[in-house]
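Q: Please take a close look at the aromatic side chains in this model. I would like one connected account of how the rings are arranged.

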Amino acid sequence: MTEVRTTPTSEGRAGPGLDRRLLPPMMLGSILNPVNSSIMAVALVPIGRALGAPASQTAWLVSALYLATALGQPVVGRLIDLFGPRRLFLISTSLVGVAGVIGVLAPNLGVLIAARVLLGFGTCAGYPSAMALLRSEAERTGKDSPAGVLTALAVANQTIAVIGPLLGGMLISVGGWRATFAVNVPLALAAALLGLWRLPRRAGSGEAPRRGRIAARLDLPGMGLFAGMLVALLLFLMNPHLDTWYLPVIVVAAGAAFAVRELRAGTPFIDLRVLGGNTPLLATYGRALVAYVVAYCFLYGFTQWTEEGYGLTPFHAGLAQTPMFVTAIAVSIVSGRRRSVRGKLLLGAAGQIAACALMLTLTGSSAVWMLPLVALVFGLPQGLNTLALQNCVYFQADPDRVASSAGLLRTFAYVGSTAASSATAASFGHSADTSGMHHLAWIMLGAGVLYLLLNLFDRTLGRLATPA
């Protein structure tokens, strides 16, 4: 039996187990992004109707949040690695509340998109903070067995995803689409208070540098080049036309400059030498990108089709999504403590392919029970993939950079979600009809097959098993 090393806590007490007081802020912080994602899935059509915007324009409400989050996650993660999660958590959750107020008062789509950008930055600290706290608790207690907490985080995210579409539909029916932004104010207040009361003043894998060395430790030039590269990439993915040929050029130029900078920096923003030698982690980032293309095409594309192409109300469209999240929760709970990661990923890939094939059979006259059936099948990969990917990152990442590595996982996921948003907009155009949904399903099916191959031929997964 493994000996448990007992070390003093920050308050001078011995503690062999995880400090359970950390769980509420960890959970609430990590769900701020998925709650805004899932609510927006049923709000796109009402917002488009109210503001006179087609689906191709309201898609920016999705892309804007993920662009900001994809950029902010690794940056905030690096700050957490250096300074600990408390202050970053409090600043970020405050931005969520401000974004909610702006969304409520927004006079047009442009201001609404700006509110979503602020929301994206505001939700950046939750997940990296949770991973950093989990790592610091492992060091404090001498127990590196996070399976239960990682499962709890996955279940919390899946649970809020269940509530999100239903909550969104209820809020819209009671207070209109602006209520979907207003809900961020009490959520942000609760998260900030929990962070203030429960998070330790110093936790994380790094130590705060002296004032004169802060800029050097942050690697601001590296962050700037990374931001330029990522923004150009995401903008191109949102609008991939010949007219935007200059964006890939910017991506390549900024990427090359970023690589040169990081290889020469004393304290790089992203340590490319370490990351480049960590092939399993790079493979995990790649499979996350592909997996989330499929997941977010379904979350937004299928939901829009159920409203416009099939004729459901926002509330009933959210209700039709419920089986997916209920299944995902059950799968996460059942499989959470099982050691095999490769098995979860392979079964998740097979589930994605099966669900995409079912989507191709749907029409505007399909029996209504077919809609929750498709959602139920999608629940299997939703639960397995989320849990397996975060387990991979926790054990594959450099312990001193676990927060920024977790942030990079979300960055790759949001690049996938942005590609999904672009594919959804291109498939639907001005209306989310059945023909567009079938076109989207073929794109998803291709991504699902690629995801299966990535998992099938990655032999390093067989050596990765999370402790029970």
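A: The account below deals with the aromatic rings and a ring with a charge over it.

This is a predicted model, in which local features need pLDDT of at least 70 and side-chain atom pairs count only at pLDDT 80 or more, while totals for chains, interfaces and linings use all residues. Residues are numbered from 1 along each chain as its sequence is written, and side-chain values use heavy atoms, with hydrogens and water left out.

There are 11 aromatic pairs in the structure; rings of Phe, Tyr and Trp (its six-membered ring) pair if their centres lie within 6.5 Å, and planes under 30 degrees apart count as stacked, over 60 as edge-to-face and the rest as tilted. One of these pairs joins tyrosine 285 and phenylalanine 412: the ring centres are 5.0 Å apart and the planes are at 5°, so the pair is stacked. Because tyrosine 285 lies in helix 13 (residues 279–308) and phenylalanine 412 in helix 17 (residues 402–428), the pair ties together parts that are 127 residues apart in sequence. Helices here are DSSP runs (H or I, at least four residues), numbered from the N terminus.

Tyrosine 285 counts as buried, at 2% relative accessibility, whereas phenylalanine 412, at 28%, counts as partly exposed. Buried means under 20% relative accessible area, exposed over 50%, and partly exposed in between (1.4 Å probe, protein chains only).

Phe298, Phe302, Trp305, Tyr310 and Phe378 make up one aromatic cluster. Arginine 410 lies over the face of tyrosine 127, 3.9 Å from the ring centre; a charge sits over a ring if NZ of Lys or CZ of Arg is within 6 Å of the ring centre and within 35 degrees of the ring normal.

Terms used: Helices (H or I, at least four residues) and strands (E, at least two) are DSSP runs, numbered from the N terminus.
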